[in-house]
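Thanks for asking me to look this over. Here is my note, point by point, to read with the model open beside you.

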Amino acid sequence: MASSLIGRSVVRVDAVGKATGSAAYGVDVTFPGMLHAKVLRCGVPHARIVRLDTSKARGLRGVRVVLTGEDVPIRHGPIIKDRPVLALDKVRYAGELVAAVAADDEEAAQAAIDAIEVDYEELPGAFDMEAALRPDAPLVHDDASAYDRVEVPGLRVAPAAGSNLCYHFKLRKGNVDAAFSRADVVVEDTFTTPKIQYCHLEPQVAVAQVDPTGQITVWASTMSPHLLRNMIAELAGVPAAKVRVITLMVGGGYGSKVYLGALNPLAVLLAMRAPNRAVRLAFDREDEFLTNDVRLPTRTIIKTAAMRDGTLLARKATTFWDKGPYALLGPVIVRNAGYCSLGPYRLPNAWIDGYLVYTNNQSGGGFRGLGVPQVAWAGEQQIDRVARELNIDPLELRLRNALRDGDVSITGETVHAVSVRQCLEQAAQAIDWGKNRDAEGPHRYGKGIACIIKSTLTPSASFSTAKLNSDGSVDILTSAIEHGQGAHTVLSQIVADELSLPLDRVRVIVQDTSVTPFDRSSTSSRTTFHMGNALKEAALDVRHQLAKLAADVLEVHVDDLEFVDGTIRVRGVPQHAYRYADILTRAFGSPATIVGQGACFTKPIYDPMDPDTGQSKRPSVYFMYGAQAAEVRVDVETGHYRVTRLASAVDAGKAINPSNCVQQIEGAAVMGLGFATMEELVSVDGRTLNPTFLDYKIPTSLDMPEMLNRIVEVPHPEGPYGAKGIGESSIATTAAAVGNALYAALGIQVHDLPIRAERVFRAIRSAAGRGRS
Amino acid sequence: MILAPFDYVECADVEEAVSLLHDAGDRVRLIAGGTALVPLLKHRMASAEVLVSVSRIPGLRRIEVGPDGALHVGSTATHRAVSRAAAIREHSPLLAEACGRVASPTIRAMGTLGGNLCYGESASDPSPALIALGAEVVVLGPQGRRRMAVEDLFAGFYETVLTADEVLEDIIVPAESRRRRWRYLKWTPRAQEDKALVGLAVVAETARQGRSMVCQSIRIGLGGVDPFPVRLRGAERVLAGAEISQDVVARAAETAADEVKPFEDLQASADYRREMVRVWARRILSEVLEVA
Amino acid sequence: MKPNLKCEVTLNINGNIHELALEPHWTLLRVLRDELGMIGTREGCGEGSCGTCTVVVDGEPARACLVLAVRVNGSDVLTIEGLSGPDGLHAVQQAFVDHGASQCGFCTPGMIMSAKALLDENPQPADDDIKEFMSGNLCRCGSYSMIFQAIRTASERLRATGERR
């Protein structure tokens with residue numbers, strides 16, 4: 001009897017296709033006679049469009065469609081519909097698009113873009129978050145309250161006219177002021193995080209085609225084909241049934257490629273004006289750096305109160321989030337990161353304000369970790385400062401205050417399946433916490449640790465179908481996207497296991513909204529839990545149907561049957577094993593298909609968050625916990641440091657595929673390392689200076705520390721086999737872990753990311769100047 | 001990103017390239033490896049109606065040691081070829097080392113030594129090495145050939161003294177004593193794979209005189225700090241002929257920090273560059289001169 | 001000299017001779033993908049910084065996005081499609097599969113071509129040699145450790161079988 005597939009590090013189902021280059025991505029989609037589209041960026045961060053003349057462009061060879069905002073005056077957005085498809089009266093960030101063209105070939109499209117004439121009247125811009133909230137600040141939107149809005153459960157979004165405040169998150173628990181008064185130790189600091197870019201190697205791309213009946217088909221590199229379908233239908237003014245979205249392999253998403261974005265509407269609107277010709281719009285790397293979204297920059301002022309014995313009494317955090325000009329997912333990010341910003345601790349008193357501010361900087365979007373990396377940079381470094389003030393080991397301080405099962409969180413939820421302690425202990429053990437290397441010449445060594453809690457998108461829904469084919473193989477019909485996280489493999493393991501089939505008899509086929517049922521999105525580390533549950537149910541549905549058929553055919557009771565190795569046997573009669581295909585043929589007298597369905601939706605358990613207090617008894621169906629410890633070696637004469645070891649301990653709930661979990665844990669840690677040490681999109685007055693890999697550095701093979709990965713398993717009662725989500729925890733802790741390691745080595749805290757050598761150098765110099773070592 | 005259309009000519013010799021550049025002016029650009037030019041063209045930071053290639057000119061990528069002991073490297077020799085050539089590893093291992101540090105292996109296989117020099121980039125790896133080796137370049141123009149020290153090639157930020165119709169032909173590294181000590185430091189604090197913030201190349205000869213060691217000769221090249229690669233003549237003067245000690249090395253490093261004119265960019269401020277010259281000059285000179 | 005003059009270029013791609021009429025400004029990447037429909041070589045940045053488009057030209061690794069196709073007239077080009085054959089996957093490809101070296105997989109063909117170029121030149125690379133050689137190939141998903149392990153395994157397997165595949 002084959003052993004269970006659950007918990008096995010099987011080779012990924014997409015591995016060979018990717019190793020041979022044959023696995024197709026959105027960029028590979030091509031059709032005969034396909035038109036090529038290009039876009040025109042405005043290049044000015046805040047300006048009125050005085051003149052936009054496309055007449056020369058329209059007359060050029062091979063140019064088929066030219067669009068400006070005037071042609072398509074539509075606004076969209078997942079929460080506030082404030083974003084125009086193409087700029088209307090004014091542009092609000094330097095990457096905003098003002099025109100799009102479709103032409104017979106790329107050269108013609110580029111020539112058309114070059115021939116468009118635009119005159120701008122530059123306006124004063126809002127580039128600093130806090131300045132943007134002052135009454136005299138330039139307004140990004142004259143009246144943001146006038147835009148249509150989408151209701152999101154547990155979210156009160158009410159921007160006011162004449163203000164750049166898009167959204168304000170509040171959480172209030174207990175009495176922080178009283179706690180600050182009676183505490184033994186109170187520390188307060190300000191921390192900032194910069195704009196960083198997704199840098200998924202596959203750019204955004206869509207190929208759209210509209211047929212003579214008005215049916216719109218879009219081949220899109222997206223993490224949410226059904227959401228995209230609905231949004232395209234609304235944009236195009238057609239019923240959703242008229243729109244079909246098909247997604248192949250996605251070359252990285254990390255939170256990009258989720259909603260309409262800047263690109264998808266243009267591909268569709270151009271195609272609608274070029275009947276029966278496919279239109280391909282792909283961003284190049286510069287478009288990605290300048291027009292796509294970024295991780296929301298932040299400024300956090302955080303204050304923590306503790307007693308001498310290390311008990312945390314209170315934490316108060318005020319975070320300003322730079323939204324850029326369009327709301328996108330901003331309010332959800334600020335809320336979800338907001339209530340996790342004080343860390344996974346027992347806190348009797350808590351106060352959080354999150355201010356989401358419209359600016360003329362690049363638009364902030366959902367980015368792996370969804371705001372937790374930014375707030376953890378602040379909160380987890382402050383824990384170490386408190387530890388130093390109290391002369392308590394930073395690991396010990398965390399363990400003393402870590403949430404445990406049965407504790408009440410700051411939102412008022414009694415938490416379960418908590419694993420903070422286990423993650424901290426595993427990370428600490430992996431890095432030999434407590435053993436520190438001595439100084440060597442100008443080099444100092446230090447270790448630091450950090451931990452986080454993160455929520456998942458709730459409520460949300462995933463539906464799925466499992467189709468047993470006449471040959472006994474199974475097709476998984478899921479809209480879950482494979483963007484590197486290993487979803488297709490894990491989902492295949494689940495279905496194969498439930499149906500007692502070998503893995504190669506189960507396949508994920510397509511992601512096609514006409515065929516595969518609704519899935520909210522492959523984001524928020526939700527796929528294993530939600531789609532895993534849905535598919536488990538779908539597979540069981542097939543199993544039950546097959547059992548009933550077999551019982552009829554074999555004239556036994558259903559309870560007398562067992563499923564073994566792709567066959568059905570009568571208990572006690574192992575020599576008669578019936579292949580599924582045989583049962584089907586015997587039951588129906590012909591090849592046959594059985595379809596099972598499953599769903600996982602969390603609305604019933606969700607308790608919408610109170611907009612004034614941030615209280616909710618169940619804001620997230622599960623929480624993700626992780627801890628990370630870093631060791632650094634720093635050269636005190638230059639400020640340059642290397643992260644020599646990075647130990648990540650992440651709670652998977654249940655590791656359905658352990659090697660897949662390690663891929664995600666380590667992959668997130670490498671992104672976290674980039675955020676901590678080197679990544680920054682530098683802008684001056686809204687204009688970005690480094691939109692290229694030559695000057696925007698991300699980690700390479702040479703930057704890798706020794707990676708020590710630990711999978712913690714504290715099962716979740718509602719997850720498939722106990723599984724939670726693991727893709728985001730170890731990106732959120734890295735910056736603070738590295739910062740804390742430097743703090744241990746040097747006694748100096750860096751407050752602004754990235755932790756550049758020059759910043760460390762200046763901090764060392766000014767500390768020496770103040771007579772401290 | 002696509003390229004704007006252009007025509008393409010493969011030159012049979014350098015004279016042909018010079019003539020084409022001379023006749024067509026700024027409508028024509030020279031292309032060697034293309035690793036610098038093609039991105040510039042794609043970003044529309046440069047334009048060309050015709051690309052004039054020197055990549056198939058026989059002899060222009062030669063690597064050989066002449067009868068006078070000087071090393072001749074043709075301008076279209078790739079960094080990869082230079083870093084791996086036995087002749088260079090024996091004659092001037094510093095050059096092999098520096099060329100082996102350019103960007104990454106695939107760029108090294110495409111990019112040329114001549115192209116790198118003519119790009120005029122401050123953080124060029126081969127440039128400080130060639131300066132420290134006392135190398136010269138040979139340039140062909142409509143008026144004929146001229147020769148100059150590598151440190152005299154550079155005029156400003158991404159700017160050389162070459163006219164638009166001159167083509168760099170040859171790089172000549174003089175024969176030197178085998179007893180030379182050398183070192184190339186490529187310091188990249190921002191990320192491991194990056195252009196140098198401090199690219200320091202040192203070639204020195206020492207000799208025993210009584211109980212002490214004396215620095216008989218020294219040349220120091222520096223990239224990444226000033227707007228273009230430079231020779232640290234001030235630091236050299238402190239050390240040339242001096243008895244080697246911690247003190248004299250420290251003074252040389254201070255002089256180096258004083259004589260540089262650092263620029264500021266996204267990588268670092270000018271002040272930090274200056275401070276890092278102070279630190280690394282001391283460390284590298286100490287190492288090369290074997291100061292305790 | 002008129003622009004857009006079509007040039008006749010012969011390329012040997014993965015052992016197959018192709019006679020093409022190209023424009024001088026077409027990159028090798030564009031020719032592979034758009035003229036020949038070979039999707040395995042892709043663009044990540046278009047300016048040679050990410051390594052996604054790495055192929056092997058006349059035995060040397062090259063950035064297909066920076067190579068003008070007219071400049072490699074007569075050359076041998078090896079792409080990811082040329083690595084596997086009737087006998088199955090190349091040792092480097094198999095090692096990538098076995099070690100889970102692909103997450104989103106977009107960097108994978110470029111990584112594999114760089115790795116092949118490394119092992120062709122240096123069949124027994126030290127750990128630092130591997131990391132240094134691969135430093136020009138970006139992996140945003142962060143699979144560097146698995147890629148590294150895969151290259152070490154491929155090196156061992158190639159040496160064990162004595163193959164140069």
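The points below go through the chain interfaces, the cysteines, one serine and the salt bridges.

1. **Ground rules.** This is a predicted model, in which local features need pLDDT of at least 70 and side-chain atom pairs count only at pLDDT 80 or more, while totals for chains, interfaces and linings use all residues. Residues are numbered from 1 along each chain as its sequence is written, chains are lettered from A and ligands numbered from 1 in the order in which they are written, and side-chain values use heavy atoms, with hydrogens and water left out.

2. **Chain A against chain C: extent.** Here 51 residues of chain A are in contact with 42 residues of chain C (contact means heavy atoms within 4.5 Å). The two chains bury about 3500 Å² between them, and carbon and sulfur atoms give 58% of that; buried area is the accessible area (1.4 Å probe) that two parts lose on being put together, summed over both. On the chain A side, Ala19(A), Leu201(A) and Ser701(A) supply 18% of the area buried against chain C, more than any other three residues.

3. **Chain A against chain C: polar links.** Four salt bridges cross this interface, a salt bridge being a side-chain nitrogen of Lys or Arg within 4 Å of a carboxyl oxygen of Asp or Glu. In one salt bridge, Arg42(C) meets Asp28(A) at 3.0 Å, N to O. There are also 27 residue pairs in polar contact, both residues at pLDDT 80 or more. A polar contact is a pair of N or O atoms within 3.5 Å; within protein, one must be able to donate a hydrogen and the other to accept it, and residues adjacent in sequence count only if both atoms are side-chain atoms.

4. **Chain A against chain C: who contributes.** Helix 1 (15–19), helix 3 (106–115) and helix 16 (658–677) of chain A are the elements that give two or more residues to the side touching chain C. Helices (H or I, at least four residues) and strands (E, at least two) are DSSP runs, numbered from the N terminus. Helix 16 of chain A has the largest share, seven residues.

5. **Chain B against chain C.** This interface brings 33 residues of chain B into contact with 34 residues of chain C. Its buried area is about 2700 Å², with 54% from carbon and sulfur atoms. Asp7(B), Arg80(B) and Thr106(B) lose the most area to chain C within chain B, together 19% of what that side buries. The rule finds four salt bridges across this interface, and Arg80(B) also forms a salt bridge with Glu60(C) (3.2 Å, N to O). Polar contacts join 14 residue pairs here, both at pLDDT 80 or more. Helix 6 of chain B gives the most to the side that touches chain C, with six residues.

6. **Cysteines.** How many disulfides does a search of the whole structure find? The count is zero over all chains, with a disulfide taken as a pair of cysteine sulfur atoms within 2.5 Å. For Cys199(A), the nearest cysteine sulfur, that of Cys50(C), is 10 Å away. The sulfur of Cys53(C) is 3.7 Å from that of Cys65(C), its closest cysteine sulfur, which is too far for a bond. Both Cys199(A), at 0% relative accessible area, and Cys53(C), at 4%, are buried. Buried means under 20% relative accessible area, exposed over 50%, partly exposed in between (1.4 Å probe, protein chains only).

7. **Ser221(A).** This serine sits in the loop between strand 12 (216–220) and helix 6 (225–236) of chain A and is buried, with a relative accessible area of 5%. Its side chain makes polar contacts with the side chains of Glu202(A) at 2.9 Å and Lys257(A) at 3.4 Å.

8. **Salt bridges within chain A.** Over all chains the count comes to 84 salt bridges. Asp104(A) and Arg277(A) pair at 3.4 Å, N to O. Asp104(A) lies in the loop between strand 7 (97–103) and helix 3, and Arg277(A) in the loop between helix 7 (263–272) and strand 14 (279–282), so the pair ties together parts 173 residues apart in sequence. Arg385(A) and Asp189(A) meet at 2.6 Å, N to O; Arg385(A) is partly exposed at 22%, whereas Asp189(A) is buried at 14%. Arg51(A), Asp53(A), Lys56(A), Glu117(A) and Asp119(A) are linked in a salt-bridge network.
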